[in-house]
Amino acid sequence: MITLGDYLIVSGLLFTIGFAGVMLRRNIIIIFMCLELMLNAANLSLVAFSRFRVDAGLPNYNAQVFVFFIITVAAAEVAVGLAIIVALFRARQTTHVEDIASLKF
Amino acid sequence: MIAPPNLEIAVLILGMLLLMFEAFMDKIDKRVFAFAGILGLTTVLIGTFYLAPVPQIDHASGFWSFYTADPLAIFFKRFALLTTILVLVMMIDYAPTVRGSVAGVTVQAGLGEFFALPILTCAGLMYIASAIDFVMIFVSIELVTISFYVLVSFTRRNPLTLEAGVKYLVLSALSTAFLVYGITWIFGVTGETNLDRITAALANSNIDQTAMLFGAVLVLVALGFKIAAVPFQIWVPDVYQGAPTPVTAFLSVGSKAAGFVVLLRVLRPFLMLPKMDRLLVVVALLTLLYGNLAALPQGNLKRLLAYSSIAHAGYLLIGVACFDGPAVTFYLVAYLLMTLLSFAVLIVVAQQAGERITDFDGLAKRSPFLAFAMLIGMISLAGVPFTIGFFGKFFIFYSALAHHQTVLVVVGAITVACGFYYYLKVVRAMYWRPAVKNDAIPVSGLSRVVMSALIVAIIWFGVYPEPILRALQPPSGQVAMKSAADH
């Protein structure tokens, strides 16, 4: 039997992998994928919380509706984000974070 | 009489109409759209004074469980509208720079969107002011953030702007992920997303405090990014320096104010958790020290204003740590007036000279009006008496003393002294250094009027702060803050 705890562990792992990726990877596209992974970790745990909180025989659907909002917003974010990354690539011919460090003291 | 939700709808429609007309009217001067936007937003701003009272219906479900029109919300809607109007005025001055740095077939490519996007952002800011449900808070914060992604990297021929855009994109998206994951855990513990019902659920003793604390801290991390609190301030200097200057001004006032409104709203449930107040005090101390100390050696005025923005977040956080909503709101109004005045002068001067402090040398001889406007902005940011900045700090420190937060007051006073040094460095450059060139810097009529209005407002409210305080003393707002202070 899969319990709420199992879902939360998987979601926590996804979130940690995503966060570690954002911190450690050096390619902006991969960083962006890791950010999406973090959002999806939240989605997974929202659905799990919703499924396991049963009121009057029905799961609490509020969280599942929230998941749709998150998916939509994430799609908008990706659309704008990839456009910015493409513009950066055209200007600098790179998507490597170490090459974009001209703003400093 | 206007129903409160119609305000946002009007702003959204205005933004979309401007975008549509912009797409079909290539021949005319695109600055017309900025004037149309200013006119439309001014109409909405006047409309906020003729609001129909909110129907006394069941707040437990439906639309009104997501959206509130309490005095705090109305006040911040006016705040957002005023900020956007002033930013649009600055954008008109900035238009020549945008023309040079956006690729396009026509001469005016990109200008229409540059004027329409702030209006859509303004709608997002207004929704944030009213949001009392985590779903609504999330969606409206994202509306603002995604508009800012585009605005920050708007002048995309300039590599520095693109770099700022990418940095803002990655760090902001990271803060969004924290926000969402935090909300998830709060939902998991309480089964609710509405702030009132979360508060009610927390009063119940058999909830999981640790899991709730985890969620609350994640949400606070995300808000820390928005208000530029240490240790989540890393993006601020780079993004502020690289972004187009009017966007920097918008980011430093609009985005920060939105963060603080959400912070004031979520603190009510969060303060029922243990150790939350101590966490806020520590963050406020770090923010004060970092912002002020890092600003000391800055030679670039735009970057200096970025560190000053972090420093002011520190003073605001003192107010938040003392749960003093009115003091925080007053400080935000002061911050709006003085920051936007400084940026308005910076935009005009930067197009002729540059944005380093040495480019301001002898400005008093070249353009006495601009120098005087910058002088007022700087001394108000520093907190000299008879400016609104002084009263802002006064109310904050007063409430810190009333709450026996001696450490905050002592550190605050020391950092104010640092502030005097770096703000007055700009004044010294303008008044006591010889000018390199002697030609006057041209200022457009509209900017001159707006700058004069801001100067008058800073001095007027610095002598007589009553009108703002009265606007801040609505019955229900007080009750909300009192009940937060009681916990």
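Helices (H or I, at least four residues) and strands (E, at least two) are DSSP runs, numbered from the N terminus. The structure described here is a predicted model, in which local features need pLDDT of at least 70, side-chain atom pairs count only at pLDDT 80 or more, and totals for chains, interfaces and linings use all residues. Residues are numbered from 1 along each chain as its sequence is written, while chains are lettered from A and ligands numbered from 1 in the order in which they are written.

A good place to start is where the two chains meet. Here 33 residues of chain A are in contact with 31 residues of chain B, two residues being in contact if their C-beta atoms, placed from the backbone, lie within 7 Å. On the chain A side, the elements that give two or more residues are α1 (4-24), α2 (28-52) and α3 (62-92). The largest share of that side, 16 residues, is supplied by α3(A). Sorted by character, the chain A side holds 25 nonpolar, five polar and three charged residues. In this sorting, Ala, Val, Leu, Ile, Met, Phe, Trp, Tyr, Cys and Pro count as nonpolar, Asp, Glu, Lys and Arg as charged, and the others, Gly among them, as polar.

Staying in chain A, N43(A) sits in helix α2. N43(A) counts as buried because it has 23 C-beta neighbours inside 10 Å; the label buried asks for 20 or more other C-beta atoms within 10 Å of a residue's own, against 12 or fewer for exposed and anything in between for partly exposed, with C-beta atoms placed from the backbone. Leaving aside residues up to four places away in sequence, N43(A) touches V67(A) and I70(A). The C-alpha atoms of N43(A) and V67(A) are separated by 5.6 Å, although the two residues are 24 apart along the chain.

Over in chain B, the loop between α8 (209-227) and α9 (235-242) is home to P231(B), and the peptide bond from V230(B) to P231(B) is cis, with omega near 5°. A228(B) is found in the loop between α8 and α9 too. Its phi is near 60°, a positive value in a residue other than glycine, and A228(B) is buried, with 29 C-beta neighbours inside 10 Å. Another residue of this kind is F323(B), with a positive phi near 55°. F323(B) lies in the loop between α12 (301-321) and α13 of chain B and is buried, with 23 other C-beta atoms within 10 Å.

Next comes a pair of helices. The axes of α13 (residues 325-352) and α15 (residues 368-382) of chain B come within 8 Å and cross at roughly 145°; axes are lines fitted to C-alpha atoms, for helices over the stretch in contact, and angles run from 0 to 180 degrees between N-to-C directions. Among the residues making the contact are M338(B) and L341(B) of α13(B), and L370(B) and A373(B) of α15(B). That contact divides into 11 nonpolar, three polar and no charged residues.

Finally, helix α16 (residues 388-402) of chain B has 15 residues and reaches 21 Å from first C-alpha to last, close to the 21 Å expected at 1.5 Å a residue, where the expected span is 1.5 Å times one less than the number of residues. Its buried residues include I388(B), F391(B), K393(B) and F397(B). The buried residues of α16(B) pack against α12, α13, α15, α17 (406-432) and α18 (445-463) of chain B. After α16(B) comes H404(B), whose phi is positive, near 60°.
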